[in-house]
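User: Hello! I am new to this structure and would like to get to know it step by step. Could you walk me through it?

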Amino acid sequence: EDGIRDHLSGLVGSEMCIRDSYFTGANKATYCLFSQWSKEIEINLLDSESVKDISLLGWDGEIQWKTEGERLHIKLPKMGLDEIPCQYAWTLKIHLN
């Protein structure tokens with residue numbers, strides 16, 4: 001988590017059910033890249049951060065999410081192989097206020 005804190009001013013940390021997840025950020029957005037699909041992702045927020053919206057790059061549907069205190073809960077959609085935007089890795093764009 002400390003390494004992520006050093007590189008991002010937005011969302012930090014991760015206690016996910018997903019291995020091989022990476023974070024980067026730019027222009028009031030944080031990107032969560034992951035290579036193992038999961039039903040739900042949980043991310044620790046900084047005190048000062050609030051989430052505006054979340055999108056899955058390459059997919060037009062809505063992503064269900066909620067915050068509870070300093071935790072962000074993201075529910076990934078169920079998709080068939082013909083719907084999933086990529087076979088190897090995916091990116092969530094977390095829009096910040």
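Here are some questions about this predicted model, each followed by a short answer.

User: What is the mean pLDDT of the protein, and what share of its residues reach 70 or more?

Analyst: Happy to start there, since this is a predicted model. The mean pLDDT of the protein is 77, and the share of residues that reach 70 or more is 79%.

User: In which element is confidence lowest, and in which is it highest?

Analyst: Let's begin at the start of the chain, where pLDDT stays under 50 over residues 1-18. Where pLDDT is low, the predicted coordinates should not be read in detail. Confidence is lowest in helix α1 (residues 2-7), at a mean of 35, and highest, at 94, in β4.

User: What is the order of the strands in the open sheet of four strands?

Analyst: We can build it up from the pairings. Strand β2 (residues 29-34) pairs with β7 in the antiparallel sense over six bridges, and strand β4 (residues 51-56) is joined to β7 by five bridges, also antiparallel. With β1 included, the order is β1-β2-β7-β4.

User: Which strands stand at the edges of that sheet?

Analyst: An edge strand here has a single partner strand, so one side of it is left without a neighbour in the sheet. From one strand to the next, the twist averages 20°. The strands at the edges are β1 (21-26) and β4.

User: Which residue in β7 is the bridge partner of Y31, and which is the bridge partner of S55?

Analyst: Strand β7 pairs with β2 and with β4, and we can look at one residue from each side. Y31 has K93 as its bridge partner in β7. For S55, the bridge partner in β7 is again K93.

User: Is strand β7 mostly covered or mostly exposed?

Analyst: Buried means under 20% relative accessible area. In strand β7 (residues 90-96), five of the seven residues are buried. That makes β7 mostly covered.

User: Which element gives the largest share of the largest nonpolar core?

Analyst: This core has 18 residues, and I54, L72, I74, L92 and I94 touch the most other members. Two or more residues come from each of β2, β3, β4, β6 and β7. The largest share, four residues, comes from β7.

User: Which residues is L92 in contact with, leaving aside its neighbours within four places in sequence?

Analyst: L92 is one of the core residues that touch the most other members. Beyond those sequence neighbours, its contacts are T30, Y31, C32, F34, I41, I54, S55, L56, I74 and L76.

User: How many salt bridges does the structure hold?

Analyst: One is formed by the side chains of R71 and E42, at 2.4 Å from N to O. That pair links distant parts of the chain, with R71 in strand β6 (residues 71-75) and E42 in strand β3 (residues 40-44), 29 residues apart. Another is formed by E68 and K66, at 3.3 Å. The number of salt bridges in the structure is two.

User: Why does E68 count as partly exposed?

Analyst: Buried means under 20% relative accessible area and exposed means over 50%, so partly exposed lies in between. Its salt-bridge partner K66 counts as partly exposed at 46% relative accessibility. E68 counts as partly exposed because its relative accessibility is 43%.

Terms used:
Residues are numbered from 1 along each chain as its sequence is written. This is a predicted model: local features need pLDDT of at least 70, side-chain atom pairs count only at pLDDT 80 or more; totals for chains, interfaces and linings use all residues. Side-chain values use heavy atoms; hydrogens and water are left out. A salt bridge is a side-chain nitrogen of Lys or Arg within 4 Å of a carboxyl oxygen of Asp or Glu. Buried means under 20% relative accessible area, exposed over 50%, partly exposed in between (1.4 Å probe, protein chains only). Two strands pair if DSSP finds at least two bridges between them. pLDDT is the predictor's confidence in each residue, from 0 to 100. Contact means heavy atoms within 4.5 Å. Axes are lines fitted to C-alpha atoms, for helices over the stretch in contact, and angles run from 0 to 180 degrees between N-to-C directions. A nonpolar core is a set of buried Ala, Val, Leu, Ile, Met, Phe, Trp, Tyr and Cys residues joined through side-chain atoms within 4.5 Å.
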